[in-house]
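Subject: A structure for you to look through

Dear colleague,

I am passing on the structure we spoke about, so please open it beside this message and keep it in view while you read. My notes on what was found follow directly after it.

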Amino acid sequence: MRPNTSDRPPLLRGRLRALLLAGVTALALAGGLLLASPDRAGAAADPLISRGKPATASSTETSSLGAKNAFDGDPATRWASAEGKDPQWIRVDLGAPATVSRVRLTWEAAYAKAYRVEVSADGAAWTPLATEAAGNGGVDDWTGLSGKGRYLRVQGTARGTSYGYSLFEAEVYGTVEGGPPPGGAFTVVAAGDIAAQCTSSDSGCAHPRTAALARQIDPKFYLTMGDNQYDDARLSDFRAYYDKSWGAFKARTRPVPGNHETYDPAGPLAGYKSYFGSIAFPQGKSWYSYDEGNWHFIALDSNSFDQAAQIDWLKADLAANTRRCVAAYWHHPLFSSGGHGNDPVSKPVWKILYAAKADLVLGGHDHHYERFAPQDPDGRATADGIVEIVGGMGGAEPYPIEEIQPNSQKRISGPYGVVKLDFTDSGYGWTYVTTDGQVKDTSPKYSCH
């Protein structure tokens, strides 16, 4: 391995030792303390660039102690390697070439006695940034570093205990070429079954209230899961009703059609297409895809799941996807405890998404809110399954819960509201928020497959 041949003056090595078990924190300088390069004195102020980025490791002790835990910002989670084996490593993909100025490692009781911090442009050839030969755990805060690469790795070469290596957090600070790396956290608001034929002048009209809530949340963008306009989705009705509420943020909306959009006397989807234009048909069809951060979003037309053109497009789109996380949405849900119940029209699409390790599916059609545990297309609970949300409370009259389906974790019918989704580069979670501002449900935190 080629050593770092930088001709900068020797680096400052700051060592902060946190005695975790005793709850005592001490600040110490390791032997052989070196002076910092003057032009890197402010390096520790560089932003954190590793939070939520994709991570891998040479091994994990259990499936719940994966590499992503060291980059999730949660001090209660950790990565742990297989026990009793040297060497071991953990690495993070920063998303783009970056100049690294600081690395802060928070060790669990199973720490590294000897390790290297390394960077790489391609994940194959590695250059050392810092080397530890006599570690004693706690927190190692390496400042004044100067290395460039897309990938950073902590390579443990000697364990400090008889166990493995375990990190609560590995934080990488620096700057990324061209500004921030692609991705990061963002929020999306989702709802289906929205605009009844009424306006805010009618006290019983709900879609202006869900629109006000959605606008107040101010997400990155909005998803609609079909039946955007009732009853026949004519262009005149879109202009008279939907446009007066959810139309306020039409330019930031990523819609899909429902069955009511097919009832237009002018032709199926005629009013929908005229109203949304290229927003709903960016790729010339009523289905399309787009990326945001580390997520690939797929907007589908469940009225046309029997068309080979859409299914062939979906397969090709998933094959070309380069993002780690995948979310899809359409109108007719495969699983629902509401009046319409399970809709098998979606099952072939679920099978394709499941095979591609998709993470999340959203639907409407039934006018209630519901979330399901991860499951496969046959409705069997499984950790590698797809999570489904039914979010049909955007403004149409609520439907009662009729037959609770297996794996249904929460059901709410009555209070109108929206689904507020919070995405990171490695996972997601959400809340169901009603028009009075109350959070009626909070999901678990999920990691991408």
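The structure, which is a predicted model, holds one cavity of 30 Å³ or more, and the space inside this largest cavity comes to about 30 Å³. Its lining is made up of Trp79, Gln88, Trp89, Ile90, Trp107, Val154, Gln155, Gly156 and Tyr165. The elements that give two or more residues to this lining are strand 5 (88–107) and strand 9 (147–159), and strand 5 provides the largest share, with four residues.

Trp79, which lines the cavity, also belongs to a nonpolar core of 31 residues, where Ala98, Ala130 and Leu167 are found among the other members. This core lies apart from the largest nonpolar core, which has 32 residues and in which Trp295, Tyr329, Leu360, Leu362, Leu421, Phe423 and Trp430 have the most contacts. To see how one of these residues is surrounded, you could select tyrosine 329, which, once its neighbours within four places in sequence are set aside, is in contact with Leu223, Thr224, Met225, Arg254, Val256, Tyr288, Tyr290, Ile298, Ala299, Leu300 and Leu362.

For the protein as a whole, there are five helices and 24 strands, and 53% of the 449 residues count as buried. The accessible surface comes to about 18400 Å², with 51% of it belonging to carbon and sulfur atoms. If you consider the contacts between residues at least 6 apart in sequence, 72% of them join residues that are at least 24 apart.

Helix 1 (residues 207–217) is a good place to continue, and its buried residues are His207, Pro208, Thr210, Ala211, Leu213 and Ala214. Against which strands do the buried residues of helix 1 pack? They pack against strand 11 (186–191), strand 12 (221–225), strand 21 (417–423) and strand 22 (427–434).

Helix 1 is followed by aspartate 218, which sits in the loop between helix 1 and strand 12 and has a positive phi of about 55° although it is not a glycine. Because its relative accessibility is 48%, aspartate 218 counts as partly exposed. A second residue to look at in this respect is asparagine 407, which is not a glycine either and has a positive phi of about 75°. Asparagine 407 is placed in the loop between strand 19 (387–391) and strand 20 (408–412), and its relative accessible area of 22% makes it partly exposed.

The reason for pointing these out, together with the two peptide bonds that come next, is that most residues other than glycine have a negative phi, and most peptide bonds are trans. The bond from aspartate 86 to proline 87 is cis, with omega near -10°, and proline 87 lies in the loop between strand 4 (79–80) and strand 5. The bond from tyrosine 230 to aspartate 231 is also cis, with omega near -10°, and aspartate 231 is found in the loop between strand 12 and helix 2 (235–240).

Two acidic residues deserve a careful look. Is aspartate 441, in strand 23 (residues 439–442), buried or exposed? Aspartate 441 counts as buried, because its relative accessibility is 6%, which is under the 20% limit for that class. The side chain of aspartate 441 makes a polar contact, at 2.6 Å, with the side chain of arginine 371. Leaving out residues up to four places away in sequence, aspartate 441 touches Tyr369, Arg371, Lys410, Ile412, Trp430, Thr431 and Tyr432. Between aspartate 441 and arginine 411 there are 9.1 Å from C-alpha to C-alpha, while in sequence the two are 30 residues apart.

The other one is glutamate 108, in the loop between strand 5 and strand 6 (112–120). With a relative accessible area of 19%, glutamate 108 is buried. A polar atom of its side chain lies 3.1 Å from the backbone nitrogen of alanine 110. Again without residues up to four places away in sequence, glutamate 108 touches Arg78, Ser166, Leu167 and Phe168, and of these Leu167 is one of the residues in the core of 31.

With best wishes

Methods:
Residues are numbered from 1 along each chain as its sequence is written. This is a predicted model: local features need pLDDT of at least 70, side-chain atom pairs count only at pLDDT 80 or more; totals for chains, interfaces and linings use all residues. Side-chain values use heavy atoms; hydrogens and water are left out. Buried means under 20% relative accessible area, exposed over 50%, partly exposed in between (1.4 Å probe, protein chains only). Contact means heavy atoms within 4.5 Å. Accessible areas come from the Shrake-Rupley method with a 1.4 Å probe; for residues, only the protein chains shown count as cover. A nonpolar core is a set of buried Ala, Val, Leu, Ile, Met, Phe, Trp, Tyr and Cys residues joined through side-chain atoms within 4.5 Å. A polar contact is a pair of N or O atoms within 3.5 Å; within protein, one must be able to donate a hydrogen and the other to accept it, and residues adjacent in sequence count only if both atoms are side-chain atoms. On a 1 Å grid over the protein atoms alone, a cavity is a set of points where a 1.4 Å probe fits but cannot get out, and a pocket is an open set with protein on both sides within 12 Å along at least five of seven lines; lining residues have an atom within 4 Å of a point. Grid points are joined across faces, edges and corners, and a volume is the space filled by probe spheres set on the points.
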